[in-house]
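Me: I am new to this structure and would like to go through it slowly, asking at each step why a word is used. Could you set each value against its cut-off before you conclude anything?

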Amino acid sequence: MATATIPSHPLLAGAESLLDGPGGQPGFLAERRRQAAASFAGLGLPTRAWEEWRFTGVSHLEEAQWTVAERAPQLPSIDEPPLGDANRLVVVDGWLEPGLSRLQGLPDGVFAGSLAEAVVRRPELVEPHLVRHAALNDHPFVALNAAQFRDGVLLWIPAGMVLDRPIELQLVARRHRRPTLALPRVLIVAGRSSQAAVVHRSAGGSADTLTCSVTEVVLEDGAVLDHYSVVDDDHGATHIAALEVRQGRDSAMHSGVFVTGGGLVRSDLAVTLGGAGAGATLEGLYLTSGRQHVDNHLLVRHSVPSCTSRQLYKGILDGSSRAVFNGRIVVDKGAQKTDARQSNRNLLLSPAALVQSNPQLEILADDVRCTHGSTIGRLDEDAVFYLRSRGLDRTSAESLLTWAFAAEVVEGVRVPELRDRLRRAVAARLPSSQMIEELL
Amino acid sequence: MKKETLLELKDLHCSIDGKEILKGIDLSVNAGEVHAIMGPNGSGKSTLAQVLAGREEYEITAGDVRYRGRDLIEVAAEERARQGLFLAFQYPVEIPGVSNAYFLRAALNAVRSHRGEPELDAIDFLKLVRERMQLVKLDEALLKRPVNDGFSGGEKKRNEIFHMAVLEPILAILDETDSGLDIDALKIVADGVNSLRGPERAFLVITHYQRLLNYIVPDFVHVLMDGRIVRSGGRELALHLESQGYEWLEPEPREAVAAGR
Ligand SMILES: Nc1ncnc2c1ncn2[C@@H]1O[C@H](COP(=O)(O)OP(=O)(O)OP(=O)(O)O)[C@@H](O)[C@H]1O
Ligand SMILES: [Mg+2]
């Protein structure tokens, strides 16, 4: 098997050293990489004929000659200040940069650092999970990342540990002169009854950047994890992100996905509720303008009884931007007493903006409660008039109502510094931003 | 000294989607007066109120609307509010995500800056707001809550009067502010309105019930039927309507209506 020919695909060029023999990595990883590469070569890039990619075309990726980003010879400067007193890990083009990171006062026993290093030095932490949970067989970009990611982050939190400061993962894409592929990979393992908050933020990039990130998250029994992703890449950049979550008994995941930047953003979030009493709250907000295209695909699988899931995704679309929301709830046979809810609400600020919202329910158990709802609409003229009749001008009234629409998600963010930043990011998008900032 | 005419309607016609709803309204309201407008469901009372507040969906097809001597038809809703016009909505709109206090402060500052007054800082605003909340016995917790969101029917109506008390309009239109209020709340609302009555200010009170007019005593009562004012009189007209209903009112010749007061 180890000597089998390396699957060929232009996007796999340069991966030979990772796929052919251990190359300094443990055997388990080389083996999984080869499977991933085979899977990717078999699948190829998705086309619109694929059900899951019907509304999001990536054919433009075929036209370029992509090369995987090398480690930056010089460290770029990071514009965004760290989030309060968060411990920060900075990943540049997929490579963890200790020189830009700041880790202070992390309790003993936590591993927060380079994934490539962890693979070699702490394989026992990594082996049970890495390239185990994220689906290789149907998502080519997940397979692509697995086949040839170079580095990323391992965050491993031992049982019972409560982290009182958030961990910030800042992903930065540099500008490149030729098409560059960044493959950051993150593995988060939250041990039994541990508690932590992680803020995952990506920024930078350009039209010549393809970021293909994969994050695997494991919540062991009783773990509580708040996980926020903020996608704020430059408007030309393509960012395809997959987040795969496995939850044990009585664990609680609170996820927020905020897309404010990026040219083409595809975010897949898949959660498997695999232990009774587990709960997942999945919230999202996408603010799009110009020609941005943002696709959120959610899959929540209830595989055991008595779990709850909540999905609330909201979109505010301006210009001729496009959004796709695909929310799938699967309730496996035997997953009785499931309580699953989904809501997708979209506000169109421009007549040229367009939303595709597709709920999908697959329910194989009979004693369950599942609800879903989706709306696409404009600002309520009655509300605009009500505000104007008290003296607010139309622009202020519309800004205020737009803010209020977003606030339901933003105000639910449980990391105060992030909530603050998101409030300001939303306000900055509104015509009466100053008025809204005074409100905050 | 002659009292200022605040509102003057001449032969006002209004349509929505090509359907005529107001079919020639004449009305004149002077400073210091309280006018009640009564009439059956669907007769056009709320339409009149919304048109006066500047709702653009209604098309004014004929007639004249003057506020303090100036043509109002082309004036935007927010501009009317800043010039002292206020509408208490029959159905106050719920606005999740915007706190009542914030909205009111933004509104007050818009009105104040139009009057050439400086914006109120947070402390002065809170002082004013606390005082005016007392007027309608509104729980202070409702300040922090989103506008009308989850308010009870009575709280919504009292909140409208509270907004009015803070904004201190010159001409206030109350669209069925009494509907859905129990007797205690009705008295509270009426007291709030009465405390704002004064020689500079006028009220247009839309109601179905004579009961309210026991507390807010009107100078004039008008009956609106099928888009026209068919009868005008003093407060005794309201009592008569209470016992007789509207059937006895045959539409009068227009001249008689115009001369009705
Ligand atoms: N936006 C609209 N579109 C279509 N028809 C309307 C609209 N607004 C009002 N109407 C119609 O105009 C007529 C008058 O309505 P309006 O709400 O003014 O009555 P009202 O006198 O306030 O009644 P109520 O006592 O029930 O509050 C009704 O027939 C109503 O259906
Ligand atoms: Mg009405």
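Me: What makes Arg130(B) and Met133(B) contacts of Glu140(B)?

Reply: This is a predicted model, and in it, once neighbours within four places in sequence are left aside, Glu140(B) is in contact with Arg130(B) and Met133(B). The word contact asks for heavy atoms within 4.5 Å, so each of these two residues has a heavy atom that close to Glu140(B). The C-alpha atoms of Glu140(B) and Arg130(B) are separated by 7.5 Å, and the two residues are 10 residues apart along the chain.

Me: Why is Glu140(B) called partly exposed?

Reply: Its relative accessible area is 36%, and since buried means under 20% and exposed over 50%, with partly exposed in between, the value for Glu140(B) falls in the middle class. Glu140(B) is found in the loop between helix H4 (122-135) and helix H5 (141-144) of chain B.

Me: How do you know that Ser46(B) and Gln90(B) coordinate the magnesium ion?

Reply: The donor atoms are OG of Ser46(B) and OE1 of Gln90(B), at 2.0 to 2.2 Å from the magnesium ion, ligand 2. A donor has to lie within 2.8 Å of the metal, so both atoms qualify. Because Ser46(B) lies in helix H1 (residues 45-53) and Gln90(B) in the loop between strand S6 (85-88) and strand S7 (95-99) of chain B, the pair ties together parts that are 44 residues apart in sequence.

Me: Which of the words buried, partly exposed or exposed fits Ser46(B), and which fits Gln90(B)?

Reply: Ser46(B), at 23% relative accessibility, counts as partly exposed, whereas Gln90(B), with a relative accessible area of 13%, is buried. The cut-off that matters here is 20%, under which a residue is called buried.

Me: What makes the approach of Ser46(B) to ligand 1 a polar contact?

Reply: A backbone N or O atom of Ser46(B) lies 2.8 Å from an oxygen atom of ligand 1, and because a polar contact is a pair of N or O atoms within 3.5 Å, this pair meets the condition. The side chain of Gln90(B) also brings an N or O atom to 3.1 Å from an oxygen atom of ligand 1, and for the side chain of Lys19(B) the distance is 3.4 Å, so these pairs pass the 3.5 Å limit as well. The protein covers 66% of the 630 Å² of accessible area that ligand 1 has on its own.

Me: Which element gives the largest share of the shell around ligand 1?

Reply: That is H1(B), with three residues. In total 15 residues surround ligand 1, and Gly42(B), Lys45(B), Ser46(B), Thr47(B) and His208(B) are the closest. By type, the shell divides into four nonpolar, eight polar and three charged residues.

Me: Why is Ser389(A) called buried?

Reply: Its relative accessibility is 3%, and buried means under 20%, so the word applies to Ser389(A). Ser389(A) lies in the loop between H6 and helix H7 (394-410) of chain A, and beyond its neighbours within four places in sequence it is in contact with Ala81(B), Leu85(B) and Phe89(B).

Me: What makes helix H6 of chain A mostly covered?

Reply: Six of the eight residues of helix H6 (residues 381-388) are buried, among them Phe385(A) and Leu387(A).

Conventions: Residues numbered from 1 in each chain as written. Chains lettered and ligands numbered in written order. Predicted model: local features only at pLDDT ≥ 70, side-chain atom pairs only at ≥ 80, totals over all residues. Heavy atoms only, no water. Donors = N, O, S within 2.8 Å, 3.2 Å for Na, K, Ca; no water. Helix = DSSP H or I, 4+ residues; strand = E, 2+ residues; numbered from the N terminus. Buried < 20%, exposed > 50% of the residue type's maximum accessible area, 1.4 Å probe, protein only. Near = heavy atom within 4 Å. Polar contact = N/O pair within 3.5 Å; in protein donor to acceptor, adjacent residues only side chain to side chain. Areas by Shrake-Rupley, 256 points an atom, 1.4 Å probe, with all protein chains shown as cover. Nonpolar A, V, L, I, M, F, W, Y, C, P; charged D, E, K, R; others polar.
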